[in-house]
Amino acid sequence: MQLLQPQHWIEYELIDSGEYEKLERFGKYIIRRPEPQAVWRKSLSEKEWENMPDAIFKREKGKTSQDGNDKGVWTQKKGMPDQWFINYKYKEMNLKFRLGLTSFKHVGIFPEQAENWNFIYDTIKAMKVEEPKVLNLFAYTGGASIAAKSAGSDVTHVDSVRQVITWSRENMEASALDNIRWIVEDALKFCRREVKREKKYNGIILDPPAYGRGPDGEKWILEENIAELMQLCRELLAQKDSFLILNLYSMGFSAVIAENLIKDYFPDVKDCQFGELIVPEKSGKNLPLSVYARFKK
């Protein structure tokens with residue numbers, strides 16, 4: 001059981017958290033938004049929480065997205081843009097992300113995933129395959145996709161939301177990369193078809209939500225669908241020179257669940273890393289944001 005925290009962020013910082021909120025810096029801008037995991041007290045005063053942020057997310061009572069996220073609006077100080085860019089660097093990997101204030105409190109990046117980006121980059125660089133094939137499912141704005149691409153892999157990026165695919169393409173281009181394969185489709189449907197085609201991938205990244213909808217209204221419920229998805233990934237993953245990452249954001253899910261899914265569907269794996277992705281704040285507290293399990297062989 002490991003607690004992984006980002007080691008290489010310069011343009012991101014968790015300033016404070018508590019009372020179901022977090023105060024963060026992305027580049028030169030500070031934002032305040034909800035955080036259901038932050039059940040403890042804040043370290044900074046309410047006056048500091050009011051004065052520091054350039055943008056504050058306000059929930060609209062009774063409104064949530066189909067995956068359970070809060071809907072709301074941002075209150076912005078003068079000079080705070082709707083969109084801006086930040087950079088992430090690790091070894092020879094130079095990623096650039098376009099951020100934006102969305103109506104679901106997200107800004108287009110999950111900073112705790114940086115340790116998985118590093119893992120992806122290092123693992124691909126160490127492979128003996130000339131151009132490893134990587135599949136990123138529920139790929140959102142593509143942090144893992146552009147990390148894999150920057151390491152020299154052939155990347156297939158699958159997400160059910162066309163606008164998110166467009167956002168991912170912006171991040172690829174901003175990072176001076178190209179030729180990622182974009183697929184707007186339900187992840188299960190795509191994997192079923194790839195299995196029939198007898199396709200193989202050297203890397204698979206899964207970041208499934210608790211709930212979601214495909215482009216044609218397909219329903220995704222984590223507890224009901226994860227077993228089939230893991231079986232499909234088992235058939236798609238190459239036997240050697242390969243890796244898999246499973247992230248679970250569902251509230252209440254233990255890292256042991258992620259580990260057990262790996263053990264169940266990949267029983268030959270001897271060294272499965274699992275634990276939580278956390279972000280430390282200045283006061284010394286750690287904010288848990290995801291559980292993960294991953295391996296390479």
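Which residues have the most contacts inside the largest nonpolar core? The points below take up that matter first and then turn to the helices and loops around it.

1. In this predicted model, the largest nonpolar core has 47 residues, and those with the most contacts inside it are Phe26, Tyr88, Phe97, Ile109, Trp117 and Phe243. Helix α2, which runs over residues 114–126, gives the most to this core, with six residues. Apart from it lies another core, of 36 residues, which includes Leu188, Trp220, Ile226 and Ala255.

2. The surroundings of Phe97 show how one of these well-connected residues is placed. Once neighbours within four places in sequence are left aside, Phe97 is in contact with Trp84, Phe85, Ile86, Tyr88, Ile109, Trp117, Gly143, Ile146 and Asn171. Of these partners, Tyr88, Ile109 and Trp117 are also listed with Phe97 among the residues that have the most contacts inside the largest core.

3. As for the overall architecture, the protein has seven helices and 17 strands. Its radius of gyration is 19 Å, close to the 19 Å that the globule rule gives for 297 residues, so the protein is as compact as a globular protein of that length. The C-alpha trace spans about 60 × 40 × 40 Å along its principal axes.

4. Burial and contact order can be read for the chain as a whole. Buried residues make up 55% of the 297 residues, and, among contacts between residues at least 6 apart in sequence, 62% join residues at least 24 apart. The protein exposes about 14,000 Å², of which carbon and sulfur atoms supply 47%.

5. Helix α3 deserves a separate comment, since seven of its eight residues are buried and the helix is therefore mostly covered. The buried residues of α3 are Gly143, Ala144, Ser145, Ile146, Ala147, Ala148 and Lys149, a list in which a lysine stands beside alanines and a glycine. What covers them includes the strands β8, β9, β10 (154–159) and β12, together with the helices α2 and α4. Just after α3, Gly152 takes a positive phi of about 100 degrees.

6. Within α3 (residues 143–150), Ala147 counts as buried, at 0% relative accessibility. Residues up to four places away in sequence not being counted, Ala147 touches Met93, Leu95, Trp117, Ile120 and Tyr121. Ala147 and Met172 are 25 residues apart in sequence, whereas in space their C-alpha atoms are 9.5 Å apart.

7. The partner of Ala147 on the side of helix α2 that may be followed further is Ile120, which is buried, with a relative accessible area of 0%. Not counting residues up to four places away in sequence, Ile120 touches Ala144, Ala147 and Ala148, as well as Ile205, Phe243 and Ile245; the three alanines are among the buried residues of α3. Ile120 and Ser145 are 25 residues apart in sequence and 9.3 Å apart in space, C-alpha to C-alpha.

8. Helix α6 (residues 222–236) has 15 residues and reaches 20 Å from its first C-alpha to its last, close to the 21 Å expected at 1.5 Å a residue. Its buried residues are Leu222, Asn225, Ile226, Leu229, Met230, Leu232, Cys233 and Leu236. They cover an arc of only 165 degrees around the axis, which puts them on the same side of α6. An α-helix has 3.6 residues a turn, so residues three or four places apart point the same way. The cover over the buried residues of α6 includes the strands β9 (133–137), β12 (203–206), β14 (219–221) and β15 (243–248), and the helices α5 (187–196) and α7 (255–265).

9. Two loop residues merit inspection of their backbone angles. Phi of Lys91 is near 50 degrees, a positive value in a residue other than glycine; Lys91 lies in the loop between β7 (83–90) and β8 (93–100) and is exposed, with a relative accessible area of 57%. Phi of Ala176 is near 60 degrees, again a positive value in a residue other than glycine; Ala176 is found in the loop between α4 (162–174) and β11 (181–184), where Ala176 is exposed, with a relative accessible area of 68%.

Technical notes: Residues are numbered from 1 along each chain as its sequence is written. This is a predicted model: local features need pLDDT of at least 70, side-chain atom pairs count only at pLDDT 80 or more; totals for chains, interfaces and linings use all residues. Side-chain values use heavy atoms; hydrogens and water are left out. Helices (H or I, at least four residues) and strands (E, at least two) are DSSP runs, numbered from the N terminus. The expected span of a helix is 1.5 Å times one less than its number of residues. Buried means under 20% relative accessible area, exposed over 50%, partly exposed in between (1.4 Å probe, protein chains only). The arc is that of the directions from the helix axis to the C-beta atoms. Contact means heavy atoms within 4.5 Å. The radius of gyration is taken over C-alpha atoms; the globule rule is 2.2 Å times the number of residues to the power 0.38. Accessible areas come from the Shrake-Rupley method with a 1.4 Å probe; for residues, only the protein chains shown count as cover. A nonpolar core is a set of buried Ala, Val, Leu, Ile, Met, Phe, Trp, Tyr and Cys residues joined through side-chain atoms within 4.5 Å.
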